[in-house]
Amino acid sequence: MKEKTNQNIILSIAFFSQTGIGLLGNSFLISCFIFVFLSGHRMRSIDAIITQLALVNGLVFLSKGIPQTMAALGLKNFLDEIGCKIIFYLHRVARDLSLSLTCLLSGFQAISISPNNSNWARLKSRAPTYLIPSSLFCWTFHLLFCIYIPLGVKGPRQTRNISETQDQGYCSHNIPSGFHASLVVTFLSFSDVVYLGLMASASGYMVFLLYRHHKQVQQIHITCLSPKAFPEMKATQTILLLVSTFISSYLLNCILAVYMSGIKSPLWLTHTSAFLGSCYPAVSPYVLISSDSQVPRYLNALCGRKTPHFDPDNR
């Protein structure tokens with residue numbers, strides 16, 4: 001009993017720390033971009049996507065991190081069945097939107113830094129106008145696509161057929177079996193594979209462009225280079241770091257999720273999967289804050305300080 005109590009304390013500290021850090025970072029990004037927008041400063045095309053990404057990452061913690069922390073503290077009956085269905089639905093929508101918006105962000109950046117003589121040249125000038133419609137499509141698609149999620153979710157007091165349900169610590173859901181389990185795994189992992197494939201392709205293309213740019217810098221004197229080349233490359237490196245963080249954490253989480261989709265898993269494995277699934281939402285705002293040179297420029301602009309070469313169009 002003492003060992004179990006110590007385990008719950010460690011879990012609660014881990015989830016509480018991750019949730020607090022994640023909510024703080026994402027809230028800071030959202031507030032920063034909202035204040036910049038309201039103050040009348042021009043923003044970059046990708047800032048709308050970054051703001052939405054911070055919003056859905058914050059929603060991940062509200063729908064998963066906080067309930068998981070409360071469950072680790074031993075509070076297991078704070079939601080009824082309707083509350084469980086809503087929480088599971090919101091978490092799945094937020095998780096899928098985080099995936100699709102990161103994919104959209106990496107794809108847009110790959111197009112924006114592509115050479116003018118490439119196959120993407122025609123799309124390059126029109127890409128910024130497609131960002132908002134594309135993000136709205138992602139929201140609509142995932143809100144409708146995830147409608148099936150509440151169907152198998154049960155409240156914490158559900159006791160019938162306990163061998164066929166998976167306990168999440170605060171709610172439970174049905175475990176599919178046989179052919180149904182294989183169908184569910186394929187259905188849930190298909191979109192993830194597509195998004196991860198697109199992100200990997202865009203990242204590989206950006207790495208190739210960065211390598212070629214580095215070779216050109218070595219051959220051409222630095223004074224001959226366009227001053228906008230370096231901010232674009234900096235933004236590309238930031239998004240590459242963001243995507244690599246996303247892929248590494250979500251691949252581990254997806255492997256566990258697929259493994260647990262057809263079996264009754266121990267509670268510690270469920271907690272591990274939940275913690276891994278929230279690593280990217282917790283880390284991503286700090287990657288953007290530390291790597292994106294435009295964020296401190298926005299802050300200085302909000303504080304009324306003059307910043308040299310303040311150009312929101314630099315990506």
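Here are some short exercises on the structure above, each with a worked solution.

Before you start: this is a predicted model, where local features need pLDDT of at least 70 and side-chain atom pairs count only at pLDDT 80 or more, while totals for chains, interfaces and linings use all residues. Residues are numbered from 1 along each chain as its sequence is written, and side-chain values use heavy atoms, with hydrogens and water left out.

**Exercise 1. Find out how many helices and strands the chain has, and in what order they come.**

Step 1: Know what counts. Helices (H or I, at least four residues) and strands (E, at least two) are DSSP runs, numbered from the N terminus.

Step 2: Count them up. You get ten helices and three strands.

Step 3: Walk along from the N terminus. The order is α-α-α-α-α-β-β-β-α-α-α-α-α.

**Exercise 2. Work out how much of the chain is buried and how much area it exposes.**

Step 1: Set the cut-offs. Buried means under 20% relative accessible area, exposed over 50%, and partly exposed in between (1.4 Å probe, protein chains only).

Step 2: Apply them. Of the 315 residues in the chain, 45% are buried.

Step 3: Turn to the surface. Accessible areas come from the Shrake-Rupley method with a 1.4 Å probe, and for residues only the protein chains shown count as cover. The chain exposes about 16500 Å², and 68% of that comes from carbon and sulfur atoms.

**Exercise 3. Take Phe61 and decide: buried or exposed? Then list what Phe61 touches.**

Step 1: Place the residue. Phe61 sits in helix α2, which covers residues 47–72.

Step 2: Check the area. Phe61 has a relative accessible area of 0%, so it is buried.

Step 3: Look for contacts (heavy atoms within 4.5 Å). Setting aside residues up to four places away in sequence, Phe61 touches a list of residues including Gln18, Thr19, Gly22, Leu23, Pro281 and Ala282.

Step 4: Link this to another helix. Pro281 and Ala282 are among the buried residues of α9.

**Exercise 4. Do the same for Asp47 and Leu131.**

Step 1: Start with Asp47, which lies in helix α2. Asp47 counts as buried because its relative accessibility is 0%.

Step 2: Find its partners. Not counting residues up to four places away in sequence, Asp47 touches Phe33 and Tyr298.

Step 3: Move on to Leu131 in helix α5 (residues 127–145). Its relative accessible area is 4%, so Leu131 is buried too.

Step 4: List the contacts. Leaving aside neighbours within four places in sequence, Leu131 meets Ser45, Ile46, Ile49, Leu104 and Phe108. Leu131 and Phe108 are 23 residues apart in sequence, with 8.0 Å from C-alpha to C-alpha.

**Exercise 5. Compare the span of helix α9 with the expected one.**

Step 1: Get the rule. The expected span is 1.5 Å times one less than the number of residues.

Step 2: Use it. Helix α9 (residues 279–291) has 13 residues, and 18 Å is expected.

Step 3: Check the model. From first C-alpha to last, α9 reaches 18 Å, close to that value.

**Exercise 6. See what the model shows for residues 20–38, one of the stretches annotated as "transmembrane region".**

Step 1: Read the record. The annotation comes from an unreviewed UniProt entry and also covers residues 193–211, among others. UniProt positions are given in the numbering used here, feature names are shortened, and annotations may be inferred rather than shown by experiment.

Step 2: Look at the span. Residues 20–38 are 100% helix and 0% strand, and the end C-alpha atoms lie 27 Å apart.

Step 3: Try residues 193–211. This stretch is 100% helix and 0% strand, with 27 Å between the end C-alpha atoms.
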